[in-house]
Amino acid sequence: MYTSGSTGAPKGIVVTHGNVAALAVDPRFDRVAHERVLLHSPAAFDASTYELWVPLLSGGTVVVAPAGDLDVPALQRTVVSQGVTALWLTSSLLNVVAEHAARALSGVRQVWSGGEAVSGATVRRLHEVCPGLTVVDGYGPTETTTFATHHRVPRPYGGGVTVPIGRPMANTRVYVLDAWLRPVAPQVTGELYIAGSGLARGYLHRPGMTAERFVADPFAPVPGARMYRTGDLVRVNAEGDLEYVGRVDQQVKVRGFRIEPGEIEHVLTEHPAIGQAAVVAHHDRPGSTRLIAYLVPDSGETPADLHEYVRRRLPAYMAPSAYVTLGRMPLTANGKLDRAALPEPEPGARTDAPRREPRTGRERLLTTLIAQALGVDEVGPDDDFFALGGDSIVSIRLVSLARSAGVGLAVRDVFERRTAAGLAEAADEPAGPAPDLDDCGVGGTEPTPIMRWFDRRGGDIDAFHQAMLLEVPAELRQDHLVTAVQALVDHHDALRLTRTSGGRGDGTWSLEVGPPGSVSAADLVHRVDVPGGAVDAALVRAQVREAVARLSAARGLLMQVVRFDTGPAERGRLLVVVNHLVVDGVSWRILLPDLIAACEAAGRGRPPRLDPVGTSLRRWASLLTAEARQPARTAEAALWRELLTAADPPLTTGRLDAARDTVGRARDLTLPLPAEVTTPLLTTVPTAFHAKVDDVLLTALALAVAQWRRTHARGRHTALLVDVEGHGREEIAEGTDLSRTVGWFTSLYPVRVDPGPLAWEEAVGGGPSLGQALKRVKEQVRSLPDRGIGYGLLRHLNPETGPELAGLAVPQLGFNYLGRFPSAGAPVVPGRPEWTVAAETGLLGGADPATALAHGLEVNCMVRDAPDGPELEAVWTWAPDLWTERHVRALADHWFRAIRGLVRHVENSGTGGHSPSDFPLTELSQHDIEQLEAAWRVQK
């Protein structure tokens with residue numbers, strides 16, 4: 001039988017026929033219940049010994065699962081049609097079955113489950129639905145032949161979040177011992193040792209490891225017997241059952257992966273130049289763990305090729321982040337390594353000399369660009385962009401930086417290659433300006449779907465704005481600013497857009513992009529004297545109101561720039577106000593760096609030269625209009641129809657009223673999530689599940705809304721229908737590049753996510769079922785084509801599908817994750833400390849008070865990169881006739897608690913893993929993936 005170490009290399013465990021026979025005839029297996037047993041595990045997975053030999057050696061029948069995917073529907077069909085009476089399911093799969101097809105087990109007499117902690121909530125669900133089913137928690141490492149202990153869960157189950165692992169199987173002895181191999185008292189934690197008829201011979205061709213784990217049994221009834229040291233910490237509860245507590249060895253978790261430092265040390269000392277090595281987990285800040293390797297080289301110097309040597313032999317997540325060279329290892333009085341005496345690595349250092357240097361100039365350039373996009377000091381060529389906190393919006397920024405530096409990349413490349421080394425292989429020379437006469441950018445322009453959506457909400461478009469306040473160099477001159485703004489307006493077509501009424505009184509209007517020079521910066525730039533430099537929030541808001549009053553889409557005045565002149569000795573402030581019609585979150589990440597670059601060029605007496613724009617606003621809008629009528633896209637209407645007609649029980653007593661529930665009457669609440677929670681939310685949690693931050697936030701939101709329903713007499717509905725905003729810059733047409741295009745391209749689309757019926761205590765406690773919930777939500781979101789952009793196309797740009805979709809339900813909630821923004825005092829562009837986000841106020845926005853609210857309740861959130869770490873800031877906005885502040889605060893609290901639960905789940909349980917969308921070239925089901933993970937990675 002094979003299991004795996006943390007490196008993923010399989011370890012062969014020599015299990016004898018006698019071991020298997022002893023398991024098969026164990027009286028703990030109810031022979032009546034095991035009349036027909038399902039065989040669905042791989043032959044090399046130890047559960048197959050149970051599935052095959054327990055029925056065959058007791059006169060039962062083996063029901064062989066059908067070939068191919070054994071997902072939940074296939075499992076249900078097989079169990080029901082073949083009359084299966086007993087089966088083994090990993091606890092992860094049992095959770096899914098209990099949530100989706102619990103009645104599939106109504107004819108089953110026993111289900112044995114394990115591999116991970118068995119969820120108490122899952123057991124309760126099965127007990128409710130399947131009165132004749134017995135659930136048994138079966139625990140045991142492969143080294144003790146499948147099962148060493150079992151716990152037949154009583155009815156009703158009144159235990160905790162996880163089920164005990166129980167008592168020993170027949171002819172099996174279990175000991176709970178302290179560090180001196182002395183038995184500990186009941187309810188005291190100790191290490192679990194196992195002996196008896198299931199004990200394997202040892203590890204194939206690994207005598208050292210065998211001697212370490214298979215040790216002499218001082219309690220055996222006969223001399224010479226051995227016991228297996230599991231490394232698991234357990235305790236005996238008041239009922240006499242074993243409860244799993246954790247691990248006794250030095251395993252650590254980095255980015256959601258369980259790692260044994262000893263295996264890394266072994267690889268390091270195999271290098272001919274390394275005499276000794278010690279690897280420890282170092283915690284730089286809350287939620288951040290990295291591996292530090294301490295080395296004693298034979299030659300006194302760490303070899304230059306060590307980083308590459310390690311990279312070829314270990315997965316990326318096991319490679320040390322830093323190497324520290326020592327003359328000798330510190331030792332304790334009894335000659336053992338004194339880990340507490342190991343020196344701290346240099347503050348902020350990511351690697352020492354052994355870090356692999358970039359192989360090529362392009363690799364070196366890309367490491368610099370990734371660091372700039374992420375706002376960090378240094379990135380290695382093999383560091384994962386997303387594990388360092390990157391997301392889809394930052395990836396657009398990276399592509400833009402790369403193209404500016406002469407490196408051709410697409411956003412898809414960032415998601416597929418993930419590291420500077422990988423991107424260097426995928427990059428090409430960016431194409432020069434294409435002689436595309438259709439993409440001159442000037443002339444009549446089609447509206448984007450989001451423009452049409454906003455138009456239906458009513459209100460004055462000129463009042464719809466976003467604004468940013470910057471702290472700028474004291475030497476910034478007014479004439480230089482005018483020159484820079486003129487260059488900005490001439491360069492970005494959206495800033496020269498006009499919106500003209502059709503003149504028929506029917507609300508129709510048209511858009512046109514004027515040529516460069518058609519808008520004068522003199523009409524856009526204003527100066528305000530501030531004696532004594534006293535800029536405060538009240539003054540800023542007053543100037544925002546005046547600037548918004550000057551905006552006019554009909555006259556092409558879509559931007560206002562106000563310079564607060566605090567005198568030649570004080571740093572000034574710069575207010576940038578833009579009509580939301582032509583700007584979105586990505587656009588700000590283009591406009592502000594361009595404005596800074598243009599001001600600096602003007603200050604040096606040079607004409608500003610901004611990086612070229614790829615696909616124009618006009619061209620992209622035209623492509624969207626054509627795409628909305630494509631047959632393949634039109635066929636999507638059935639998907640959106642099905643999604644919007646499914647049940648969505650009301651959260652409030654009333655419904656949204658466009659005339660009553662307006663922006664002017666809305667209330668809002670801003671709440672922060674501290675850095676120690678936000679940091680793993682951005683890094684370790686999505687990395688462990690190969691997910692995005694949005695997936696994690698939506699999972700928590702669905703759990704929070706379900707709990708809010710339960711506690712406010714709104715039923716036990718677990719699915720959440722929510723409108724989600726995306727950046728809308730999807731690669732739906734060949735040859736498009738929106739990484740440098742300014743415009744309002746936001747996509748808005750409905751998503752139905754259902755994490756399943758988790759007990760709230762399990763959700764906030766980080767219980768074992770939480771991982772399955774996140775995987776489910778991730779797959780539900782991924783199932784929507786092109787990140788949902790098709791909904792807006794069909795709803796607003798297709799005259800055939802639009803009316804039908806317009807008549808369907810609108811989600812009661814709206815959700816928008818804006819990505820990461822610099823906090824007050826942080827540079828707007830990394831490496832440009834003279835231009836920072838002002839402390840007086842952050843990102844501002846507003847709309848005409850008469851504008852109808854889009855949802856009864858919305859949450860807009862962003863991450864601000866503060867000096868003490870990133871902080872999630874959530875702004876809740878609601879219609880006061882539908883929601884009370886008390887109810888909103890309760891829901892917001894549930895959401896933050898669910899986020900903390902997901903962080904706790906990754907930190908405490910060592911779970912994570914893949915889901916089917918991670919393997920787009922295969923047809924693996926979630927069950928297939930979990931079987932593979934259980935066989936090769938899960939430590940039981």
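Start by selecting residues 347-354: pLDDT stays under 50 along this stretch, and the model has 19 contacts for it beyond four places in sequence. Keep in mind that you're looking at a predicted model. Where pLDDT is low, the predicted coordinates shouldn't be read in detail.

Now jump to residues 431-438. Here too pLDDT stays under 50, and the model has three contacts for these residues beyond four places in sequence. For the whole chain, the average pLDDT is 87, with 91% of the residues scoring at least 70.

**On to a sheet**

Select 443-445, which is strand β21, together with 497-501, which is β23; these are the edge strands, each pairing on one side only. Which strand sits between them in the order of the sheet? Add β24, residues 509-513, and you have an open sheet of three strands, ordered β21-β24-β23, with antiparallel pairing. Look at the twist while you're there: on average, neighbouring strands of this sheet are turned by 35° against each other, direction ignored.

Zoom in on β23 and β24, which pair in the antiparallel sense over five bridges. To find one of the pairs, click Leu497, whose bridge partner in β24 is Val513.

**Parallel and antiparallel around one strand**

Next, select 857-866, strand β34, and 813-822, strand β31: the two pair in the parallel sense over eight bridges. Pick Leu813 and look across to Leu857 in β34, its bridge partner.

Then add residues 869-878, strand β35, which runs antiparallel to β34 and is joined to it by 10 bridges. How many residues lie between β34 and β35? There are two, and the pair of strands forms a hairpin. Click Ala866 and you'll see Gly869 of β35 standing opposite. If you switch on backbone hydrogen bonds in your viewer, remember that strands of a sheet pair through them, either parallel or antiparallel.

**Last stop: two helices**

Select 637-645 for helix α19 and 789-796 for helix α25. They pack at an angle of about 95°, with their axes 10 Å apart. Because of that angle, α19 counts as roughly perpendicular to α25.

Show side chains where the helices meet. From α19 you want Ala637, Trp640 and Leu644, and across from them in α25 are Gly790, Tyr791 and Leu794. What classes of residue make up this contact? Five are nonpolar, one is polar and none is charged.

Note on methods. Residues are numbered from 1 along each chain as its sequence is written. This is a predicted model: local features need pLDDT of at least 70, side-chain atom pairs count only at pLDDT 80 or more; totals for chains, interfaces and linings use all residues. Side-chain values use heavy atoms; hydrogens and water are left out. Two strands pair if DSSP finds at least two bridges between them. Helices (H or I, at least four residues) and strands (E, at least two) are DSSP runs, numbered from the N terminus. Axes are lines fitted to C-alpha atoms, for helices over the stretch in contact, and angles run from 0 to 180 degrees between N-to-C directions. pLDDT is the predictor's confidence in each residue, from 0 to 100. Contact means heavy atoms within 4.5 Å. Angles under 35 degrees count as roughly parallel, over 145 as roughly antiparallel, 65 to 115 as roughly perpendicular and the rest as oblique. Ala, Val, Leu, Ile, Met, Phe, Trp, Tyr, Cys and Pro count as nonpolar, Asp, Glu, Lys and Arg as charged, and the others, Gly among them, as polar.
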